[in-house]
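Student: I've got a model open and I'd like to learn how to read it. Can we go through it feature by feature?

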Amino acid sequence: MAGPIAMPPRAGATTAPAGKKSGTILALIYVTTLFFIWAFVTNLIDPLVKSMKVIYTLSDFETQLNQFAFFIAYGVMSIPSAWYLSRRGYANSIVLGLAGVIAGCLVAWSTTYSNSFITVLLGLFVAASGITLLQVAANPLIASMGSPTGSHFRLNLSQAFNSLGAYVGGTFGAAYLLRGDLFAKDAVLTPALKTDSLGFVTHVYLMIAVVLAAFTLAVFFARRTIASHAPALADKVESPLAALRSRWANLGSIAIFLYVGAEVCVISGMIFFLEQRHILDVPAQIAGYVAPLFMLLAMVGRFGGSVLLRYFKATTLLTLVSAGASVLCVVIVATFNMDASPLGGTVTLPGGYVAPLTMGFLPAAAALLLGLCNSIMFPTIFTLTLERSTAPASATSGLMCMAICGGGFVSVLYGAVIDQFAHVTQDGARSLAFIVPLACYVYVLWYARAARNAATHVIEETVEATA
């Protein structure tokens, strides 16, 4: 979901010695693995949202508090993360960030004793705080391992591995967080079923904590190798608030806020959407296996986008994908009261489930294809903004990093809209609620068009924030 956050070094800073080729490969492997890890942990939340809604009998608004607790950490922890990076360096920041993710998983695991939804939310916030520090540290490492002219290419390529982690995380979550009779159709909630399902959730987070502890130990022993490939630290950490004086920093940050919000509300609501009677009419776990296709399509789009950005303008591709996403949302909204008329034949879905082919596959396919449209949005918006912002690059980067908290705010709005539409049409409420991501994509489309003729410059720290 959330993508790269670049923190460029100050002008005049020199890059650390490259070291041996084997050392460079090792550093790349570790950093690329970080992209996979934080996407894996982030996208476990999507099946977790379904699990928590059923276990604790939550409204859609309350359910989306899972996303809010996670993504609000970007708004709260971005500045402290940048400060720590400036003081302790890249390798130490990565180790601390991983430790934060482990701590969050352990807090979530402790829910087995507290039996409180609040404990889950706290664990998500702590884990996201660690991921925020990982993003602040890891993306400049990727940026420093290539030429400045290939920024769009590298950021989209790294996002492809991020999408792979997202796909695996979603599939893994469906297999282990949606286990048990509690998620069968028309299941009746009993204390025993609740305890069993909550046990599945907490054990998953304990297992992740153990695996990450082993990886963190490996990173700790390789910290000198990683540090040797890191860019020079900035002499001064620019506050993200300094970027508020730049028109394009503000416009780009709003685009990030809305794009992340759109993606989070779509993917977090995907299981609920697909399992509906008039869409795919499948059990929750099967819907959980289908939903990660969204991120698989995003991965394909990011690999393809990395190539296309070498031949087409970034503004052109961003215009196309945001327009495509808007059209797909319109299709979903327009079919809110459409019956799932049989089309003949069957389709074998992920998980081995054989489903009859109906008209419900049309809005289902539209929702999943949003992943393909989303694929290049984050890194493209990010670099377009850096090239146009009149604020120092690190301040602009920091402001966009904080804007990732849109994933929390927009998803909560999405949940509230579903609850409101449910009073009018129970079956079509989730389809009508796609007006929320639609509004977000329309803004991104406007941003892409507006950015075409804006003045650009080399991404650096010496630009004065005068506009």
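Tutor: Sure, we'll go from the overall fold to cores, charges, the hairpin and backbone angles. Keep in mind that this is a predicted model.

Student: Then let's start wide. How many helices and strands does the protein chain have?

Tutor: There are 20 helices and 2 strands in the protein chain. Of its 467 residues, 58% are buried. The accessible surface is about 17,700 Å², and carbon and sulfur atoms account for 67% of that.

Student: And what share of the contacts with a separation of 6 or more joins residues 24 or more positions apart?

Tutor: That share is 84%.

Student: On to the inside. How many residues does the largest nonpolar core have, and which of them have the most contacts inside it?

Tutor: The largest core has 143 residues, with M52, L274 and F434 having the most contacts within it. Helix α4, residues 65-109, gives this core its largest share, 15 residues. Another core lies apart from it, with 6 residues, including A242, A243, A249 and A395.

Student: Let me zoom in on L274. Which residues does L274 touch beyond its sequence neighbours?

Tutor: Skipping anything up to four places away in sequence, L274 touches I279, L280, D281, V282, A287, V290, A291 and A364.

Student: What about V49: buried or exposed?

Tutor: The cut-off for buried is under 20% relative accessible area. V49 is at 0%, so it counts as buried. You'll find V49 in helix α2, residues 45-56. Beyond four places in sequence, the contacts of V49 are T63, N66, Q67, S268 and F272. You can also measure across to D60 yourself: the C-alpha atoms of V49 and D60 are 9.5 Å apart, with 11 residues of sequence separation.

Student: Is a polar residue worth a look too? Where does T396 lie?

Tutor: T396 lies in helix α17, which covers residues 393-403. With a relative accessibility of 1%, T396 also counts as buried. The T396 side chain has a polar contact of 2.7 Å with the side chain of S389. Past four places in sequence, T396 touches A243, A249, T385, L386, S389 and A391. Two of those names, A243 and A249, came up as members of the 6-residue core.

Student: Now charges. What's the general idea behind a salt bridge?

Tutor: Side chains of opposite charge can pair when their charged atoms come close. Here the count comes to 5 salt bridges.

Student: Which residue forms a salt bridge with D427?

Tutor: R277 does, and the closest N and O atoms of D427 and R277 are 2.8 Å apart. This pair links distant parts of the chain, 150 residues apart: D427 is in the loop between α18 (406-422) and α19 (429-432), and R277 is in the loop between α11 (270-274) and α12 (284-290). D427 has 38% relative accessibility and therefore counts as partly exposed, while R277 is exposed at 53%.

Student: And D60 and K53: buried or exposed?

Tutor: Both D60 and K53 are buried. Their side chains meet in a salt bridge of 3.8 Å, N to O. K53 and D60 also belong to a salt-bridge network with R430. Another example is R388 with E387, where the closest N and O atoms are 3.4 Å apart; R388 and E387 are both buried.

Student: Over to the strands. How do β1 and β2 pair?

Tutor: Strand β1 (residues 342-349) and strand β2 (residues 353-358) pair in the antiparallel sense over 5 bridges. One of the bridge partners is easy to find: P342 goes with T358 in β2. β1 and β2 form a hairpin with 3 residues between them, and G351 in the turn has a positive phi of about 95 degrees.

Student: What should I expect of phi elsewhere?

Tutor: Most residues other than glycine have a negative phi. T57, though, has a positive phi near 55 degrees and isn't a glycine. T57 sits in the loop between α2 and α3 (60-63), and it counts as exposed because its relative accessibility is 59%.

Student: Where is N115, and what is its phi?

Tutor: N115 lies in the loop between α5 (111-114) and α6 (117-143). N115 isn't a glycine, yet its phi is positive, about 55 degrees. With a relative accessible area of 45%, N115 is partly exposed.

Methods:
Residues numbered from 1 in each chain as written. Predicted model: local features only at pLDDT ≥ 70, side-chain atom pairs only at ≥ 80, totals over all residues. Heavy atoms only, no water. Helix = DSSP H or I, 4+ residues; strand = E, 2+ residues; numbered from the N terminus. Buried < 20%, exposed > 50% of the residue type's maximum accessible area, 1.4 Å probe, protein only. Contact = heavy atoms within 4.5 Å. Areas by Shrake-Rupley, 256 points an atom, 1.4 Å probe, with all protein chains shown as cover. Polar contact = N/O pair within 3.5 Å; in protein donor to acceptor, adjacent residues only side chain to side chain. Core = buried A, V, L, I, M, F, W, Y, C linked by side-chain atoms within 4.5 Å. Salt bridge = Lys/Arg side-chain N within 4 Å of Asp/Glu carboxyl O. Pairing = 2+ DSSP bridges.
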